[in-house]
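User: I am new to this structure and would like a close look at one part of it, rather than a tour of the whole. Please start from a single residue in a loop, and then follow the account outward to whatever surrounds it.

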Protein chains: 2
Amino acid sequence: MRIGELAKATGTKAETIRYYEREGILPAADRTTGNYRDYSNEHLATLSFVRRARGLGFSMSQVKELLTLSDNDDKSCSDVDQLVRQQLKEVNRKIENLILLRDELSQMLQSCEASRIGDCQIVEHLAQPPQV
Amino acid sequence: MRIGELAKATGTKAETIRYYEREGILPAADRTTGNYRDYSNEHLATLSFVRRARGLGFSMSQVKELLTLSDNDDKSCSDVDQLVRQQLKEVNRKIENLILLRDELSQMLQSCEASRIGDCQIVEHLAQPPQV
DNA sequence: TATGCACCTTGTAGCAACTACAAGGTCAAG
DNA sequence: CTTGACCTTGTAGTTGCTACAAGGTGCATA
């Protein structure tokens with residue numbers, strides 16, 4: 001299949017697919033006589049895997065690791081497990097930080113009852129060290 | 001004060017401060033005879049404001065807006081309020097997405113009881129084709 | 001046959017928000 | 001007078017794409 005078809009099938013832009021090829025995430029496809037990329041079902045499967053992992057927040061290099069690991073059916077599963085655990089920890093860390101942010105933003109909104117910026121608690125809140 | 005001192009005082013790298021100057025986020029400082037940047041307390045206050053807003057997830061252009069707004073003491077507070085509200089919404093959106101991710105990753109970990117990658121549920125889970 | 005159009009090719013540059021050099025200048029201490 | 005910390009400018013790298021530009025291919029239609 002051509003790149004446009006693969007793009008549609010995976011919800012990926014053609015430019016992104018070519019980018020993945022450059023980055024060694026997706027193996028290069030065969031070429032037609034007109035020099036068009038010609039993808040196989042295996043490419044489709046790999047790209048789906050990549051997109052799914054990226055959607056779960058794995059970095060490009062983590063995706064590369066996952067791809068390498070998943071090629072070795074007989075190897076231990078623990079490396080994959082480890083990567084997922086790491087990613088889970090990272091996601092939890094982000095959630096916690098965002099919740100702190102959210103609380104602070106909410107607080108700011110509630111404290112703002114001024115009508116002039118000169119009296120605005122939000123601006124004061126942001127301007128931590130005085131003398132502006 | 002020199003750039004290094006300002007950097008230490010605000011927990012910002014000197015390179016970042018120069019970057020802010022280039023981007024028009026922080027006004028240019030006076031120069032000493034040796035061409036070193038010489039910052040005032042006003043610079044310190046502005047940079048603190050910037051870092052605080054950036055730390056709360058506001059984009060550079062939002063920070064610019066906030067700075068412009070906070071310069072007009074007599075203007076209405078509602079624009080500031082609006083920006084904070086918008087940012088709060090964005091943060092909530094991110095939290096929700098991350099929670100979905102977290103759930104999926106946890107699920108994957110729990111389903112993995114294989115010892116061989118060939119049997120690994122995680123790899124199989126990732127290999128699912130995209131479901132629209 | 002010509003032509004129009006969708007699709008493809010490579011290459012390069014842009015995005016956010018920094019960060020990391022390199023090559024050199026300034027300044028106070030020893 | 002040299003050392004070493006600090007500063008200067010300029011440029012390029014980071015991540016993961018995305019957006020052109022200029023041209024080639026393939027197929028349907030006039």
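Analyst:
**A loop and the DNA beside the protein**

A:Asn35 sits in the loop that connects strand E1 (30–31) with strand E2 (37–38) in chain A, and what is shown here is a predicted model. Although A:Asn35 is not a glycine, its phi is positive, at about 70 degrees. In chain B, B:Asn35 is found in the loop between strand E1 (30–31) and strand E2 (37–38) of that chain, and its phi is likewise positive, near 70 degrees, in a residue other than glycine.

From here the account turns to the DNA, beginning with strand C. Which residues come closest to DNA strand C? Of the 20 residues that surround DNA strand C, the closest are A:Gly4, A:Arg18 and A:Arg37 from chain A, and B:Tyr36 and B:Arg54 from chain B. Of the atoms of DNA strand C that come within 4 Å of the protein, 70% are accounted for by sugar and phosphate. Several individual contacts can be followed in the model. In chain B, a backbone N or O atom of B:Gly34 lies 3.4 Å from a phosphate oxygen of DNA strand C, while the side chain of B:Arg51 places an N or O atom 3.3 Å from a phosphate oxygen of that strand. From chain A, the side chain of A:Arg31 has an N or O atom 3.0 Å from a phosphate oxygen of DNA strand C. The elements that give two or more residues to the surface near DNA strand C are helix H1 (3–10) of chain A, together with helix H2 (14–22) and helix H3 (41–55) of chain B. Among these, H2(B) gives the most, with four residues. Sorted by class, the residues of this surface near DNA strand C are six nonpolar, six polar and eight charged.

DNA strand D can be read in a similar way. Of the 20 residues around DNA strand D, those that come nearest are A:Tyr36 and A:Arg54 in chain A, and B:Gly4, B:Arg18 and B:Arg37 in chain B. Sugar or phosphate makes up 70% of the atoms of DNA strand D within 4 Å of the protein, and the rest belong to bases. On the phosphate side, a polar side-chain atom of A:Tyr20 lies 3.0 Å from a phosphate oxygen of DNA strand D, and a polar side-chain atom of A:Arg51 lies 3.3 Å from a phosphate oxygen of this strand. A base is reached as well, since an N or O atom in the side chain of B:Tyr36 is 3.5 Å from a base oxygen of DNA strand D. Helix H2 (14–22) and H3 of chain A, together with H1 of chain B, are the elements that give two or more residues to the surface near DNA strand D. H2(A) supplies the largest share of that surface, four residues. The surface near DNA strand D has six nonpolar, six polar and eight charged residues.

The helices that supply these surfaces also pack against one another within each chain. Two packed helices are described by the angle between their axes and the distance between the axes. In chain A, H1(A) and H2(A) pack at an angle of about 100 degrees with their axes 9 Å apart, and they are therefore roughly perpendicular to each other. Here A:Ile3, A:Leu6 and A:Ala7 of H1(A) meet A:Ala14, A:Ile17 and A:Arg18 of H2(A), a contact with five nonpolar, no polar and one charged residues. In chain B, the axes of H1(B) and H2(B) come within 9 Å and cross at roughly 100 degrees, so that these two helices are roughly perpendicular to each other. B:Ile3, B:Leu6 and B:Ala7 of H1(B) make the contact with B:Ala14, B:Ile17 and B:Arg18 of H2(B).

A last step leads from the DNA surface to the link between the chains. Side chains of opposite charge can pair when their charged atoms come close. The structure holds eight salt bridges over all chains, and one of them is formed by A:Arg52 with B:Glu104, whose closest N and O atoms are 2.5 Å apart. A:Arg52 lies in helix H3 (residues 41–55) of chain A and B:Glu104 in helix H5 (residues 78–111) of chain B, so this pair joins two chains.

Note on methods: Residues numbered from 1 in each chain as written. Chains lettered and ligands numbered in written order. Predicted model: local features only at pLDDT ≥ 70, side-chain atom pairs only at ≥ 80, totals over all residues. Heavy atoms only, no water. Near = heavy atom within 4 Å. Polar contact = N/O pair within 3.5 Å; in protein donor to acceptor, adjacent residues only side chain to side chain. Nonpolar A, V, L, I, M, F, W, Y, C, P; charged D, E, K, R; others polar. Axes fitted to C-alpha atoms, helices over the stretch in contact; angles between N-to-C directions. Parallel < 35°, antiparallel > 145°, perpendicular 65-115°, else oblique. Contact = heavy atoms within 4.5 Å. Salt bridge = Lys/Arg side-chain N within 4 Å of Asp/Glu carboxyl O.
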